[in-house]
Every structure is written in C-alpha cells, then in structure tokens.
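Trainee: I should like to learn how the terms used for a structure are justified. May we examine one together?

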2 protein chains.
Amino acid sequence: MGRTPPHPEVSQFDLQQVLEALVDPVRRSIVTQLDAAAEDVKCGAFDMPVSKSTATHHFKTLREAGLIRQYYVGTSRMNALRRAEMDEAFPGLLDALTTRQARGGLAGHTG
Amino acid sequence: MGRTPPHPEVSQFDLQQVLEALVDPVRRSIVTQLDAAAEDVKCGAFDMPVSKSTATHHFKTLREAGLIRQYYVGTSRMNALRRAEMDEAFPGLLDALTTRQARGGLAGHTG
DNA sequence: CATCAAGTTTGACAGCGGTCGTACTTCCGC
DNA sequence: GCGGAAGTACGACCGCTGTCAAACTTGATG
C-alpha cells in the first residue's frame, strides 16, 4: 500500500462531496473528536461503533473529501483535521458542525 | 388533505435530519433559491429537474427537517425558508451553505 | 525469521432513499 | 357543476452506501 494516500487540494474541494462525508453520523463523530483533540489521532484511537474495515471506509471518505489528512507512523495511520483549509473553502461550515448545539442537540449545556 | 402540514418547532430540530435534507443537491438548490428570493415561492416556481411527485417528496423532507415552512394559497403551496429559526438552532449552518463559494464552487464571482 | 499489531482490500449483502407514473384531491374560474 | 391547474399519495424500481467477515500487507519486536 502507498505510504501517502492521495489528498485533494483546497481548490478541488467539492461541497457536495464534503456534505456527503459529513452527513454520516460516524464520520461526523470522527470530525468532532478530531476537532476536540487538537492533536493528530490514530485510527484505532477513535470511539467508533463499527468494524475496522468499515472504519477504513469512513476515513477514506473523509480524506477524499478533504476533511482529514492522513499519514503513517509505523503501522499506525494518523489523522489530522484540515480545519484551516476547510474554513478557506467553506467558511463557517465546520464551525457550524462542531458547536455544542450541533453536537449534542439542545438539551445539555454542560462543560 | 390537511391544509396545514406539520412543522417541527425549533426545539425539535435535529442536526442529522437537517443534514440529510441538505445533502441532496435538488433540495439544497431549493434552499438556495429560497434564500435568494427573499419572498415566499410556490412549489411550481422552482427550477428543478425532477417530476412533480419527486418534488413533493423533497419539499416534505425539507419541511420535516424544519428548513421550510409551507402553507396553501389557493391550490398553490407556498414555501418560506425558516432562516431565523435554523440560525437559532444551528448558527452559521445556512450561512455556510448559501455562500457563493458553497453555491458555485470557487470559479465565479459574478453578481 | 516468527509473531503480533494496525489497517487495507475485496466481495457480498441489506436497507434506505431518490426517482417515476398513475390515480387522487382541492381549489379556482366559467 | 365542469374542467383545468397545482400538488399529494401510493407503489414500484433501482442504485448507492454503510456494514461485515475474511484474507492480505506492512511495520515493529524479539
């Protein structure tokens, strides 16, 4: 397998593709966790209710949409949120989705 | 048929449902046209590449997600974007999707 | 080299959702 | 009341996508 998988440039970002990536709850959770982490996270470290192969599929979808950047460290694949680039392409979009309202509904206002 | 179809309240808005509504290009186009119109628009007045029954389906999806408000005027069904309420529930979301970047890609900056 | 850990790839499957056509309802105008 | 216009409801179809298991690749460790 290639060490560095293909990543789109900002100019190639496509809203349709980004939304299709973000509409899945599992993938949106990945983005949220990544946003909260402020540190690159390896695939295995995410809280996800799916099998490894499904997880791989989700990471690929996010990567191809431009939402995350992936690189290997040993056998671990690290994931970084491409925040700044997304903000450049679609200002406010990630902000709108990482808000507390967006994450947990309107019920809780803890923390 | 009921004259006033059911509309969710702001407190019932669900991000998942809203995103599922907005991920469809036809529906996003409806929202965009509605946002640009600044006037209520009847169903038949939209530019849509689908049949009437499919259009009905899309309007229903948007309505149930809370994105639009619908009411009858004669035999015509009028549609209004629930901008303020959406902004209240998910600040910045509609803004992010009605931007010129969001609408047409990065190429054009006309009008 | 042997072994294990971390992901990937492939193939298959199931369910959801966008699509249409047809039949139906409702309202307007004559 | 009649006919047409505007949507809706229903049923069917089909493709897409999220899911998994199993086999594989790659790298670290001893």
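**Reasoning from values to terms**

Mentor: Let us begin with a pair of side chains: those of A:Arg69 and A:Glu85 meet in a salt bridge, with 3.4 Å from N to O. The model is a predicted one.

Trainee: Why is the meeting of A:Arg69 and A:Glu85 called a salt bridge?

Mentor: The term requires a side-chain nitrogen of Lys or Arg within 4 Å of a carboxyl oxygen of Asp or Glu. The N to O value for A:Arg69 and A:Glu85 is 3.4 Å, so the pair satisfies the limit of 4 Å.

Trainee: Which parts of the chain does the pair link?

Mentor: A:Arg69 lies in strand S2 (residues 68-73) of chain A and A:Glu85 in helix H4 of chain A. The two are 16 residues apart, and the pair links distant parts of the chain.

Trainee: How many salt bridges does the rule count over all chains, and how many between chain A and chain B?

Mentor: Over all chains the count comes to 10. Between chain A and chain B it is 0.

Trainee: What, then, shows how chain A and chain B meet?

Mentor: Contact supplies one indication: 21 residues of chain A are in contact with 21 residues of chain B. Buried area supplies another, with about 1700 Å² between the two chains, 66% of it on carbon and sulfur atoms. There are also 4 residue pairs in polar contact across this interface.

Trainee: Which elements supply the side of chain A that touches chain B?

Mentor: Those that give two or more residues are helix H1 (15-22), helix H2 (25-37), helix H4 (83-89), helix H5 (93-98) and helix H6 (100-104) of chain A. The largest share, 5 residues, comes from H1(A). By class, this side of chain A has 14 nonpolar, 4 polar and 3 charged residues.

Trainee: Let us turn to the DNA. Which residues are closest to DNA strand D?

Mentor: Of the 22 residues that surround DNA strand D, the closest are A:His58, B:Lys52, B:Thr56, B:Thr75 and B:Arg77. Of the atoms of this strand within 4 Å of the protein, 68% belong to sugar or phosphate and the rest to bases.

Trainee: What makes the approach of A:Thr54 to DNA strand D a polar contact?

Mentor: The limit for a pair of N or O atoms is 3.5 Å. A polar side-chain atom of A:Thr54 lies 3.0 Å from a phosphate oxygen of DNA strand D, so the pair falls within 3.5 Å. The side chain of B:Lys52 has an N or O atom 2.5 Å from a base nitrogen of the strand, and this pair too is therefore within 3.5 Å.

Trainee: Which element gives the most to the surface near DNA strand D?

Mentor: H3(A) does, with 4 residues. The surface near this strand has 5 nonpolar, 12 polar and 5 charged residues.

Trainee: Which residues come nearest to DNA strand C?

Mentor: A:Lys52, A:Thr56, A:Thr75, A:Arg77 and B:His58 do, out of 22 residues around that strand. Sugar and phosphate account for 66% of the atoms of DNA strand C that come within 4 Å of the protein. The largest share of the surface near DNA strand C, 4 residues, comes from H3(B).

Trainee: How do you know which part of DNA strand C B:Ser53 approaches?

Mentor: The atom named tells us: a base oxygen of DNA strand C is 2.8 Å from an N or O atom in the side chain of B:Ser53. For A:Thr75, a polar side-chain atom lies 2.7 Å from a sugar or linking oxygen of the strand. For A:Cys43, a backbone N or O atom lies 3.4 Å from a phosphate oxygen.

Trainee: Finally, what is the order of the strands in the sheet of chain B?

Mentor: The order is S1-S3-S2, in an open sheet of 3 strands with antiparallel pairing.

Trainee: Why are strand S1 (41-42) and strand S2 (68-73) of chain B said to stand at the edges?

Mentor: Each has a single partner strand, so one side of each is left without a neighbour in the sheet.

Trainee: How do you know that S2(B) and S3(B) pair?

Mentor: Pairing requires at least two bridges. S2(B) and S3(B) are joined by 6 bridges, so the requirement of at least two is met. For example, the bridge partner of B:Val73 is B:Ser76 in S3(B). The two strands form a hairpin with 2 residues between them, and B:Gly74 in the turn has a positive phi of about 65°.

Note on methods
Residues are numbered from 1 along each chain as its sequence is written. Chains are lettered from A and ligands numbered from 1 in the order in which they are written. This is a predicted model: local features need pLDDT of at least 70, side-chain atom pairs count only at pLDDT 80 or more; totals for chains, interfaces and linings use all residues. Side-chain values use heavy atoms; hydrogens and water are left out. Contact means heavy atoms within 4.5 Å. Buried area is the accessible area (1.4 Å probe) that two parts lose on being put together, summed over both. A polar contact is a pair of N or O atoms within 3.5 Å; within protein, one must be able to donate a hydrogen and the other to accept it, and residues adjacent in sequence count only if both atoms are side-chain atoms. Ala, Val, Leu, Ile, Met, Phe, Trp, Tyr, Cys and Pro count as nonpolar, Asp, Glu, Lys and Arg as charged, and the others, Gly among them, as polar. A residue is near a molecule or strand if one of its heavy atoms lies within 4 Å of it.
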